[in-house]
Every structure is written in C-alpha cells, then in structure tokens.
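Here's a friendly walk through a structure you may not have met before. Take a look at it first, and then we'll go through some of its features.

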Amino acid sequence: CLRKDKWRIILITVLISVLGAVVGKATQSAKSTAQLLYAPAAPLRNMDGHDAIEKILDTPIDMRSIGLLCTSDETYQSTLDAINTSGEFSQPLELDELKDSLNYRITVAKETPYDLEYAPIIELTANAQTPRQAQIMVNTWAKECQAAGERYQAMFQTAAEQSLNSQVLELFEKYQEDQRAYAQFKKENI
C-alpha cells in the first residue's frame with residue numbers, strides 16, 4: 001500500500017508542510033514591554049504662602065490619570081506619526097492597528113478588601129510581527145507618554161510659576177526700597 005501511494009503521501013506531506021509554514025509565518029508575533037516610573041516631585045518646604053502655591057505644586061497626579069494620558073488620541077497619534085516616520089516598518093501603520101497592538105497595565109502595590117494602592121510603575125506592552133518592531137513601538141509610545149505627562153504637568157504648574165514669579169518680583173522691589181531707605185538712613189545719621 002505504501003509503495004502504491006508513495007507519491008500521494010509525499011505530495012500531501014509537502015502540502016501540509018507548506019501550509020504549516022504559511023500559517024506559522026502569518027501568525028508570528030513578538031511582544032515587548034517598557035515601564036514608566038512616576039516619581040512625584042519632592043515636597044516643598046512650608047512657604048506660608050498666600051495662594052497655597054505649595055498645594056498646587058504638590059498635588060500629585062494619580063496613576064489612572066497617567067493611564068488615560070497614555071491612551072489619549074493625541075498620544076496615539078503622535079506615536080503613530082513617530083513610528084511611521086522611523087521607516088522601520090515595510091508599510092505605514094494605521095491608527096486602529098496601533099491601538100490594538102498597544103496595551104498598558106498599572107501595577108498594584110497593595111490590594112486589600114478596603115483599599116487599593118497602586119505602585120508608581122505603568123507597564124506598557126506592544127505586540128508586533130517581529131521583536132524589533134515591537135521594541136520600536138513600545139519605546140516610541142513610552143516617549144510620547146512621557147511628553148504627554150510633561151505637558152500635563154506644565155499646564156498645572158504654569159499658573160503657580162507665574163504666581164511665584166510675581167511674588168518674587170514684589171519682594172525684590174520691596175527689598176530694593178528697603179535698601180534705599182537704609183542707605184538714606186546711613187547717609188543722614190553717620
């Protein structure tokens with residue numbers, strides 16, 4: 001029976017091997033991760049401020065908000081633009097394709113029935129056809145998330161910085177007036 005159907009068996013074996021290779025190549029995927037560490041600014045010393053500027057500057061961003069910043073349309077679009085201009089992919093990616101291949105996970109430090117405490121690390125993950133493409137995707141996404149966080153921080157701290165600058169200017173002018181008065185006092189009394 002084997003001698004009689006030898007060519008059929010060889011042909012079927014070759015076809016199954018080719019089909020397996022095509023399916024294996026089509027379903028090939030790689031995964032790469034990056035971690036973002038959220039390090040809040042050091043607390044300011046008590047300024048006894050008039051505008052509670054310390055509270056404005058010291059208000060931390062919560063981890064869920066950072067996750068929302070990373071998955072905003074603006075961040076995805078800037079990531080897509082950076083990836084497509086890198087030239088590492090044979091054809092440009094689409095926005096939906098990028099969104100489907102990127103995921104994030106907020107790490108949990110402590111979980112109890114009454115409380116959930118997040119660790120200051122967000123894990124970003126990218127899935128692509130090759131490890132190099134996955135690495136490029138996740139690293140680009142991490143850079144864009146960092147830029148979005150810096151824009152968010154600047155948005156909240158600009159008002160406080162302007163207020164501090166006006167207070168510094170006011171104190172400097174008062175200092176100069178006091179120095180002039182002291183110089184006049186020394187001139188008259190010495």
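Let's start with a single residue: at 51% relative accessibility, E74 counts as exposed. What you have in front of you is a predicted model, by the way. E74 has a partner, too: R151 forms a salt bridge with E74, and the closest N and O atoms sit 3.4 Å apart. R151 belongs to helix 6 (residues 131-189) and E74 to helix 4, so this pair ties together parts that are 77 residues apart in sequence. While E74 is exposed, R151 is partly exposed, with a relative accessible area of 39%.

**The bigger layout**

Now step back a bit. The protein chain has 6 helices and 3 strands. Read from the N terminus on, the elements go α-β-α-α-α-α-β-β-α. How much of the chain is buried? Of its 190 residues, 22% count as buried.

**Salt bridges**

The structure holds 5 salt bridges, and the R151 and E74 pair is one of them. Here are three pairs side by side, with the distance from N to O:

| Pair | N to O distance |
|---|---|
| R151 and E74 | 3.4 Å |
| E123 and R105 | 3.6 Å |
| R132 and E88 | 4.0 Å |

Take the R132 and E88 pair, whose side chains meet in a salt bridge. This pair links distant parts of the chain: R132 is in helix 6, E88 is in the loop between helix 4 and helix 5, and 44 residues separate them in sequence. R132 counts as partly exposed at 47% relative accessibility, and E88 is partly exposed as well, with 38%.

Then there's E123 with R105, another salt bridge between side chains. E123 sits in strand 3 (residues 116-128) and R105 in strand 2 (residues 102-111), 18 residues apart. R105 is partly exposed, with a relative accessible area of 45%.

**How the strands pair**

Which way do strand 2 and strand 3 run relative to each other, parallel or antiparallel? They run antiparallel, joined by 8 bridges. The two form a hairpin, with 4 residues between them. If you'd like to find one spot where they meet, look for L102, whose bridge partner in strand 3 is A126.

Strand 3 also pairs with strand 1 (residues 30-37): 8 bridges join these two, and they run antiparallel. Here you can look for A30, which stands opposite A128 in strand 3.

**Two patches on the surface**

Finally, have a look at the outside. Which residues gather in a patch of negative charge on the surface? They are E94, D96, E97 and D100. E94 lies in the loop between helix 4 (73-86) and helix 5 (95-101). E94 is exposed, because its relative accessible area of 54% is over the 50% cut-off.

The other patch has a nonpolar character: W7, I10, V14, V18 and V22 make a surface patch of about 510 Å². V14, one of these residues, has its place in helix 1 (residues 6-26). V14 is partly exposed, with a relative accessible area of 45%. That value is over 30%, so V14 meets the accessibility cut-off for patch residues.

How values were computed:
Residues numbered from 1 in each chain as written. Predicted model: local features only at pLDDT ≥ 70, side-chain atom pairs only at ≥ 80, totals over all residues. Heavy atoms only, no water. Patch = residues over 30% accessible without salt bridge, like charges linked within 9 Å, V, L, I, M, F, W, Y side chains within 5 Å. Areas by Shrake-Rupley, 256 points an atom, 1.4 Å probe, with all protein chains shown as cover. Lys, Arg positive; Asp, Glu negative; His and termini not counted. Charge placed at Lys NZ, Arg CZ, Asp CG, Glu CD. Buried < 20%, exposed > 50% of the residue type's maximum accessible area, 1.4 Å probe, protein only. Pairing = 2+ DSSP bridges.
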